[in-house]
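Me: Please take a close look at the bound ligands and the residues that hold them. I would like one connected account, with the cut-offs behind each term.

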Amino acid sequence: MGSNKEIANMFFEMADVLEMKGVDWKPNAYRKAARSLESLELPVEQVYAESGVKGLREIPGVGEGLAKKIEEFLKTGMMKEFDELINSIPRGVEEMMHVPGLGPKKVMRLFKELKIRNVQDLERAAREGRLSKLPGFGEKSEQDVLRGLGLLKQGSERKLLSIALPLAREFAQRLSRVNGVIRAEPAGSVRRLKETIGDIDILVISKNSERVMDFFTGMPEVQTILAKGQTKSTVILKDGLQADVRVLEEKSFGAALQYFTGSKEHNVALRQLAIKKGFKLSEYGLFRKDKYVCGRSEEEVYSKLGLKLVPPELRENSGEIVAAQKNKLPKLLSFDAMKGDLHMHSNWSDGLHSIEQMARAAQSRGYKYIAITDHSKSERIANGMDEKRLKSYLKEIDKVQEKVDIQILKGAEVDILPDGSLDFADNVLKELDIVLAAVHSRFKSSREEMTKRILKALDNKYVNILVHPTGRLINQREPYQLDLEKVMTKAKEQGIALELDCYPTRLDLKDSHVRMAIERGCKISIDTDSHATDHLRHMELGIAQARRGWAGVKDVINAWPLKKLERFLRR
Ligand code: DGT
Ligand code: CA
Ligand code: CA
């Protein structure tokens, strides 16, 4: 973990503790600085080495006080105030903050009034119905706590793709440089680009397995070695993720890559097909009557079984095998297909960077267009804009447009209010090139209410994209109750796209919903919802998810040329 991330985590923790203690504004200042550090492109050591405390103070959100704390940490490896704060409350109490749905204020009350000191106490108390007795808590909050505990458990078992994917790539890269290694590739759910990952699987071709295993189990990220053998080793990494490495012969690498990429369900179906055709398929190869037929590459294996090569993202036994047999696999969206990004924030609302910085960052990714889409007025905590500030914001976009070589669409992320009306009136919406509509409140409405609310918003003639349509946060918040089918039908009728929000914890719509949408002729917009320039890279996660949902260029409005997109936006 680099210092940027380490200091950011310390600031986040300090914010939590300060909030539990009822301190005002400071927690938010710490969080802002933490987010800023997280998305800083340069290592903070470098900033400090080059321009000292003054350089640190130029990091958005970092003032005099926090700059001094960063300096202290860089010089001594410690932060006195961090230690003091952390030691001022029991460890377990602070951990309760990580239960989705429990804020610092509630945690403090549970600690003070019910003497609940850790997550185990909390679970017991909730199961015994003791939480609901606390004034202002009630049975509903108790159920929420139990659900939150479930999500927390899930999160400790399955990690986000955004965490596992770079690690898997890094490990494969390092392993491929080990003496005697011919090839090293990620397999398993990481290769299928699934939204969450149980463990990382890596396959290696090498004649010297011992050297590979020594290297792998000796990596600095490794916390515990669970197994170390000739063909397979398993480790637990410091962040809790598990990783397996397998060493193979060249002759069976394709078969093994196929087998260990999975999914299990895809493999079972493929193996049955092999049997039907008189073969036997295993991780060692394709055999006929115990005689090796092939196994060096996946292509050979699929081809001998009469199939086109199935892209890993589709290997879930959900129709891909029949499609591959009939040469009817979809032409998937490629990783370089995107022409623009239609959802991002600037420092006009809760983003870190200016409109110009966002535009330039998008331009350097090779995009042809972007939409700047800051929040509307009801999003007070996100510094949403009222009509007056919106006017200046639109002027600022015009000014930036003069300076950059990328088309900027003037947009806003407009709240869908509880009654289904929008946060800006039609005569204001009319001034925008693109309108994103979003639910940010009353997540716990009934299915009927939420469906009615969103359908009404989609009746507005200026809306172009319904963003993060189900509101879920992976391992943190369930999707809201919603009749998605009705929403998709309405969106298609109205010429409104549904978003696939690429933010790592959102990935909303999820894969199966993408497929459901495109089967109904509904268009998708894959957007990063960036709050800083470096978030633009999350596009890859969204493309992966779209591919898992069988989407191609025809389904994705921001993979289209500007002219065609503009026609779509005019509805
Ligand atoms: P994960 O780690 O839970 O995110 O998901 P996977 O798909 O990476 O699963 P993992 O790591 O347990 O196993 C890797 C692959 O090995 C899996 O995708 C398919 C294959 N595999 C594992 N167990 C079985 C099995 O019992 N039968 C078959 N046919 N394949 C298996
Ligand atoms: Ca795995
Ligand atoms: Ca595994």
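Reply: The account below starts with the ions, goes on to the remaining ligand, and ends with some backbone details.

The model is predicted, so that local features need pLDDT of at least 70 and side-chain atom pairs count only at pLDDT 80 or more, while totals for chains, interfaces and linings use all residues. Residues are numbered from 1 along each chain as its sequence is written, chains are lettered from A and ligands numbered from 1 in the order in which they are written, and side-chain values use heavy atoms, with hydrogens and water left out.

The calcium ion (ligand 2) is coordinated by D199, through O and OD, and by D201, through OD, at 2.2 to 2.5 Å. A donor here is an N, O or S atom within 2.8 Å of the metal (3.2 Å for Na, K and Ca), and since water is not among the atoms, sites may look incomplete. The arrangement around the calcium ion (ligand 2) is irregular because its 6 donor atoms subtend angles of 71 to 166°. Under the rule used, four donors are tetrahedral if all angles lie between 85 and 135 degrees; four are square planar and six octahedral if opposite donors are over 155 degrees apart and all others between 65 and 115; anything else is irregular. For reference, ideal angles are 90 or 180 degrees for six octahedral donors.

The calcium ion (ligand 3) lies 3.7 Å from the calcium ion (ligand 2), and D199 coordinates both. In other words, D199 is the bridge between these two ions. The protein donors of the calcium ion (ligand 3) are D199 (OD), D199 (OD), D201 (OD) and D244 (OD), at 2.3 to 2.7 Å. The spacing of these donor residues along the sequence is D-x1-D-x42-D. The site thereby links distant parts of the chain: D199 is in strand β4 (residues 199–206) and D244 in strand β7 (residues 242–248), 45 residues apart. Helices (H or I, at least four residues) and strands (E, at least two) are DSSP runs, numbered from the N terminus. D199 and D201 are buried, and D244 is buried as well. Buried means under 20% relative accessible area, exposed over 50% and partly exposed in between, with a 1.4 Å probe and protein chains only.

D199 also takes part in the surroundings of ligand 1. There are 15 residues around ligand 1, of which R158, S189, R192, G198 and D199 come nearest; a residue belongs to this shell if one of its heavy atoms lies within 4 Å of the molecule. Three polar contacts involve oxygen atoms of ligand 1, with a polar contact being a pair of N or O atoms within 3.5 Å. S189 places a polar side-chain atom 2.6 Å from an oxygen atom of ligand 1. For G198, a polar backbone atom is 2.7 Å from an oxygen atom of the ligand. D199 contributes a polar side-chain atom at 2.8 Å from an oxygen atom of ligand 1. The protein covers 71% of the 600 Å² of accessible area that ligand 1 has on its own, by the Shrake-Rupley method with a 1.4 Å probe.

The elements that each supply at least two residues of the shell around ligand 1 are α11 (188–191), β4, α13 (253–261) and α14 (264–276). The largest share, 3 residues, comes from α13. By class, the shell has 3 nonpolar, 7 polar and 5 charged residues. Ala, Val, Leu, Ile, Met, Phe, Trp, Tyr, Cys and Pro count as nonpolar, Asp, Glu, Lys and Arg as charged, and the others, Gly among them, as polar.

Some backbone details remain. S263 sits in the loop between α13 and α14, and the peptide bond from G262 to S263 is cis, with omega near -5°. Another cis peptide bond runs from D508 to L509, with omega near 10°; L509 is in the loop between β16 (497–501) and α22 (511–519). K289, which is not a glycine, has a positive phi of about 50°, and D529, also not a glycine, has one of about 55°. Most residues other than glycine have a negative phi, and most peptide bonds are trans. K289 is exposed, with a relative accessible area of 80%, whereas D529 counts as buried at 5%.

Note on methods: A polar contact is a pair of N or O atoms within 3.5 Å; within protein, one must be able to donate a hydrogen and the other to accept it, and residues adjacent in sequence count only if both atoms are side-chain atoms.
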